[in-house]
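Please look through the structure shown below with the report that follows it. The text takes up the packing of the interior and then turns to individual residues and pairs.

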Amino acid sequence: MSGLKTFLFLLFCVFGGVLAPKQSSAGVMDDPLYRFASCTGRLSALMEFQWLTDGPASEETQQLRDMMIELVDAIMPQGQGPKVLAWRIDAKAAQSKLLTSAYFATDSDQALWSMARATQQIDECRALLLS
């Protein structure tokens with residue numbers, strides 16, 4: 001796995017830009033580690049939701065999540081595990097809330113908005129891996 005981590009790290013450096021966080025008003029949201037950790041949480045929520053709604057799709061989502069975990073592991077500095085785990089948990093909870101609202105909200109406008117937002121979040125994560 002060490003070779004895979006190194007490959008993914010180099011791939012990100014070539015195609016994803018510099019690993020240092022960008023200095024902007026968005027702050028931590030521009031940090032690649034934050035983005036990868038958040039996507040790991042989002043993909044985890046989607047995978048678990050798919051276990052209930054679309055079993056075969058959960059296998060593809062699990063592969064994407066596993067790739068995102070590799071990216072997190074490849075660039076995470078020593079001692080940052082608790083902070084990264086908190087980011088993952090927060091993103092997973094938020095994505096789960098969106099999916100629940102998308103499928104079970106009684107207000108159709110709310111359900112549509114939630115589905116659009118949940119899809120946008122996952123599409124952004126897929127783009128990180130597929131670009």
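## The nonpolar core

In this predicted model, the largest nonpolar core holds 21 residues, and among these Leu33, Phe36, Met68, Val72, Val84 and Trp87 touch the most other members. At least two residues of this core come from each of the helices α2, α3 (55–75), α4 (81–104) and α5 (108–130), and the most are given by α2, which contributes eight.

Leu33 shows what such a position looks like in terms of its neighbours. When residues within four places in sequence are left aside, Leu33 is in contact with Val72, Ile75, Met76, Pro77, Val84 and Trp87; of these, Val72, Val84 and Trp87 are themselves among the core residues that touch the most other members.

## The chain as a whole

The secondary structure of the protein chain consists of five helices, with zero strands, and the pattern read along the sequence is accordingly α-α-α-α-α. Of the contacts between residues at least 6 apart in sequence, 64% join residues that are at least 24 apart.

Buried residues account for 34% of the 131 residues in the protein chain. The accessible surface of the protein chain amounts to about 8,000 Å², and carbon and sulfur atoms make up 59% of that surface.

## The disulfide

The structure has one disulfide, in which Cys39 is joined to Cys125 with an S to S distance of 2.1 Å. The torsion about the S-S bond of Cys39 and Cys125 is about -85 degrees, and the disulfide is therefore left-handed. This pair links distant parts of the chain, since Cys39 belongs to helix α2 and Cys125 to helix α5, with their positions 86 residues apart in sequence.

Both ends of the bridge are covered: Cys39 counts as buried because its relative accessibility is 3%, and Cys125 counts as buried because its relative accessibility is 0%.

## Aromatic pairs

Two aromatic pairs are present in the structure. Tyr34 and Trp87 form one that is edge-to-face, with 5.1 Å from centre to centre and 85 degrees between the planes; it links distant parts of the chain, as Tyr34 lies in helix α2 and Trp87 in helix α4, 53 residues apart. Tyr34 and Trp87 are both buried.

Phe49 and Tyr103 form an aromatic pair that is tilted, with centres 4.8 Å apart and an angle of 45 degrees between the planes. Because Phe49 lies in helix α2 and Tyr103 in helix α4, this pair ties together parts that are 54 residues apart in sequence. Phe49 is buried, with a relative accessible area of 10%, whereas Tyr103, at 46% relative accessibility, counts as partly exposed.

## The surroundings of Ser44

Ser44 is placed in helix α2, which spans residues 32–53. Is this polar residue buried or exposed? With a relative accessibility of 6%, Ser44 falls under the 20% cut-off and so counts as buried.

Within its own helix, a polar atom of the Ser44 side chain lies 2.9 Å from the backbone oxygen of Thr40. Beyond its neighbours within four places in sequence, Ser44 is in contact with Arg65, Arg88 and Lys92. Ser44 and Ile89 are separated by 45 residues in sequence, while their C-alpha atoms are 9.4 Å apart in space.

Technical notes:
Residues are numbered from 1 along each chain as its sequence is written. This is a predicted model: local features need pLDDT of at least 70, side-chain atom pairs count only at pLDDT 80 or more; totals for chains, interfaces and linings use all residues. Side-chain values use heavy atoms; hydrogens and water are left out. Helices (H or I, at least four residues) and strands (E, at least two) are DSSP runs, numbered from the N terminus. Buried means under 20% relative accessible area, exposed over 50%, partly exposed in between (1.4 Å probe, protein chains only). Contact means heavy atoms within 4.5 Å. A polar contact is a pair of N or O atoms within 3.5 Å; within protein, one must be able to donate a hydrogen and the other to accept it, and residues adjacent in sequence count only if both atoms are side-chain atoms. A nonpolar core is a set of buried Ala, Val, Leu, Ile, Met, Phe, Trp, Tyr and Cys residues joined through side-chain atoms within 4.5 Å. Accessible areas come from the Shrake-Rupley method with a 1.4 Å probe; for residues, only the protein chains shown count as cover. A disulfide is a pair of cysteine sulfur atoms within 2.5 Å. Rings of Phe, Tyr and Trp (its six-membered ring) pair if their centres lie within 6.5 Å; planes under 30 degrees apart count as stacked, over 60 as edge-to-face and the rest as tilted.
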